[in-house]
Amino acid sequence: MDLCDYAAYHLVGMIRRKQVSAVEVVESALQRIADIDGTSGHLDGSNAEEPGKIHSFITITPEYARQQAQKVDRAIAAGENPGLLAGVPFTVKDIYCVKDTLSTAGSRILANFVSPYTATPVARIEAQGGVLLGKVNLDEFTFGSSNESSAFKPTPRNPWNTEHVPGGSSGGSASAVAAGEGCFSIGTDTAGSIRQPAAFCGVVGVKPTYGRVSRYGLIAFGSSLDCPGPLSRNVYDAALVLQIMSGRDPNDSTAANLPVPDYLSELEKPIRGLRIGLSPDYFKITYFDAQSGDIHQEDVPEVMKQAVYKAAGRLAEMGADIVEDVPMPHTHYGIPAYFVISRVEAASNLHRFDGVKYGYRTNQVVRDLHELYRKSRAEGFGPQPKLRILMGMYVSAAQYSEQYYLRALRIRTLIRQDFEAIFDPFGKYRLHALLTPTTPTTAFRMGDIYGDSVLMQYADQLTVPANHAGIPGISFPAGFDPQGLPIGVQLLGNDFSESILLRIAYTYEMVTEGDEWRKRIPPILAY
Amino acid sequence: MTETITPEIFEHLVNLAALELSPQESEYLRQQLNNQLKAINELVAIPITPDIPPALHGISYSAEIRPPIREDKWMPSIYADSILDQAPQMEDRFIIVPDIPHEDLE
């Protein structure tokens, strides 16, 4: 075990007590990156490059990281407070603006964009002594569930089996955290983009309540759905980082004006009496058959279902009340509604990329401004942004918006009402959390789904309802499938109930600490 | 299977989206859009009564959690030069673009 494999909270203690220096820790993380990451994603790269490496990064910032670590060491030597994350190495999904770094969104259209300022969540982490290792890969503009749509290739691979995807869109974040390339990463979740890759890579991922964390400095996708949040190797670190990221921000009028609870002090409270629900509607998967054009529904694989039941059993041993047969009847409308709402928001947000103010501009000779727009956008955007813009245009067109966009927004209300009913403290179920599989399957093989934009979207079907409803969710590891790929389970809770979700996940982590599966490490680390 | 988004509708969308696509790219994207639309059409069958309001956000922004509106105060941008430096073509702090087409409105 190297220094970079320690938990963030452990490293902070060691650095503050001067048992190790922040520089030694950052050198350990940089060495890990050098050993296992391989070529960083680059334009015109290929997924055939170094298939045994994990390729989490687009940009590595070693000199900046060393300077930040030296600053922490100097603060400690001077007896100053080095911050709650003193010397902890971390990575940032390349959808966040970080001053003076390339901030690409995984797209050719922003490949040369150097951000003039730093996003609020990242600035807050840096202010507490976090040491930025670099910017990690993602699906282009976060549009995907496998990370394969990035314009920067090779795209990340799953550290548990490099022939499989790490999930997406925060795929680089999840692969980096799982492999010790930093203690945690900051991702974003619009339909499951933190929780799904966290589940695929065997790490913890938190999608906070919409508005809990500021979106200032985040390159926007679906403005009513996007949630910044942490990915980490344990629940304590997730709580620590979320605590620091959260809170009101004068630069984001959707950041909630609510105090941030002390998540850490809540973690060790007992879960006795907490009511945790299981819903049959989260044990079904829906998928689209492009041949027949039909929608099919079937049960999730038994191994996923059993992971949830086993986790429920362990939580029951700790005193939680498990409530079965909780109806969530509108769950399977989450994806079709998302196809509409997210596309309208994406199309609106992507209009700003025009080849004029910043980003990519065509090198072709053009007649006029319109041609400049068309050629710059045609050459700069990959297929996913193009698809989303076109669909957004279609479903919000005056003659169709009543049929599609307004209808989808009303269905969003129905999805929200499902959650309001089960979390109502005076209702029939009075739940504190719903426990579900995070994903319908474990990580799929690279190339298996990419190219089928409908099937790829259905990978998010168990995570997207929380984004429609705005509620918080956390995915945490709960075992492995027979192929040795991680299984994640998910807790969903009422608005701003992150402290309860973190407490339940932390309790599960504690009671399973001695289990055999907890001792496994990703094969890529057995070098 | 019937196609809702015909080549003609697709061309119109491409124009609105300010894109330019090769024939192969057009055919792939149009097929994907039609597949997505089939998935979306599942929504059409859901009974929606007038009492179900549209939700622009999942959580409601009640007065208690809504941040106060910022004071309307002039502040100089500290980023002006680094923002302008991003422009692909600049001259004397002006962003250069090709001719802007004009249409006479009737």
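Two strands pair if DSSP finds at least two bridges between them. In this predicted model, strand E14 (residues 473-480) and strand E15 (residues 486-492) of chain A pair in the antiparallel sense, with 6 bridges between them. One of the matched positions is A:Phe480 in E14(A), whose bridge partner in E15(A) is A:Pro486. The two strands form a hairpin with 5 residues between them, and there A:Gly484 takes a positive phi near 85°. E14(A) also has a partner in strand E7 (residues 204-207) of chain A: 3 bridges join the two, and they run antiparallel. Here A:Val206 stands opposite A:Ile474. How many of the 8 residues of E14(A) are buried? The count is 8 of the 8, so E14(A) is largely enclosed by the rest of the structure.

A second set of strands is built around E4 (residues 131-136) of chain A, which is mostly covered, with 6 of its 6 residues buried. Strand E2 (residues 57-60) of chain A pairs with E4(A) in the antiparallel sense over 3 bridges, and A:Thr59 stands opposite A:Lys135. Strand E3 (residues 89-93) of chain A pairs with E4(A) too, but in the parallel sense and over 5 bridges; in this pairing A:Thr91 has A:Gly134 as its bridge partner.

The path between these parallel strands is worth following in the structure. E3(A), helix H4 (residues 120-127) of chain A and E4(A) make a right-handed β-α-β unit. Within H4(A), the residues A:Thr120, A:Pro121, A:Val122, A:Ile125 and A:Glu126 are buried. An α-helix has 3.6 residues a turn, so residues three or four places apart point the same way. Where do the buried residues of H4(A) pack? They lie against several elements of chain A, including the strands E3 and E4, helix H3 (62-77) and helix H7 (235-245). Just after H4(A) comes A:Gly129, which takes a positive phi of about 90°.

Helix H10 (residues 334-350) of chain A offers a simple check on helix geometry. At 1.5 Å a residue, its 17 residues should span 24 Å, and its end C-alpha atoms are 23 Å apart, which agrees. This helix is also well covered: 16 of its 17 residues are buried, so H10(A) is largely enclosed by the rest of the structure. Between H10 and helix H11 (369-380) of chain A runs a loop that holds A:Arg367. Is A:Arg367 buried or exposed? At 62% relative accessibility, A:Arg367 counts as exposed, because the cut-off for that class is over 50%. Leaving aside its neighbours within four places in sequence, A:Arg367 is in contact with A:Arg374 and with B:Asp99 of chain B.

The nonpolar interior comes next. In soluble globular proteins, nonpolar side chains tend to be buried together. The largest nonpolar core of this model has 172 residues, and those with the most contacts inside it are A:Phe141, A:Phe419, A:Leu435, A:Leu491 and A:Leu502. Apart from it lies another core, of 8 residues, among them A:Ala443, A:Phe444, A:Met446 and A:Ile449. Beyond its neighbours within four places in sequence, A:Leu491 is in contact with residues that include A:Ile276, A:Leu435, A:Phe476 and A:Ile504.

A polar side chain can be followed in the loop between strand E9 (275-277) and strand E10 (284-289) of chain A, where A:Ser279 is found. A:Ser279 is buried, with a relative accessible area of 1%. Its side chain reaches the backbone oxygen of A:Val326 at 2.6 Å. Apart from neighbours within four places in sequence, A:Ser279 is in contact with A:Val326, A:Pro327, A:Met328 and A:Leu434.

Finally, some backbone angles deserve a look. Most residues other than glycine have a negative phi, and most peptide bonds are trans. A cis peptide bond joins A:Lys153 and A:Pro154, with omega about 5°, and the bond from A:Gly168 to A:Ser169 is also cis, with omega near 10°. A:Pro154 is found in the loop between strand E5 (152-153) and helix H5 (171-178) of chain A, and A:Ser169 has its place in the loop between E5 and H5 as well. In chain B, B:Ala18 has a positive phi of about 55° although it is not a glycine, and B:Ala18 is buried, with a relative accessible area of 17%. B:Asp92, likewise not a glycine, has a positive phi of about 50°; B:Asp92 is exposed, with a relative accessible area of 67%.

Terms used. Residues numbered from 1 in each chain as written. Chains lettered and ligands numbered in written order. Predicted model: local features only at pLDDT ≥ 70, side-chain atom pairs only at ≥ 80, totals over all residues. Heavy atoms only, no water. Buried < 20%, exposed > 50% of the residue type's maximum accessible area, 1.4 Å probe, protein only. Helix = DSSP H or I, 4+ residues; strand = E, 2+ residues; numbered from the N terminus. Right-handed = clockwise from strand over helix to strand, strands pointing away. Contact = heavy atoms within 4.5 Å. Core = buried A, V, L, I, M, F, W, Y, C linked by side-chain atoms within 4.5 Å. Expected span 1.5 Å × (residues − 1). Polar contact = N/O pair within 3.5 Å; in protein donor to acceptor, adjacent residues only side chain to side chain.
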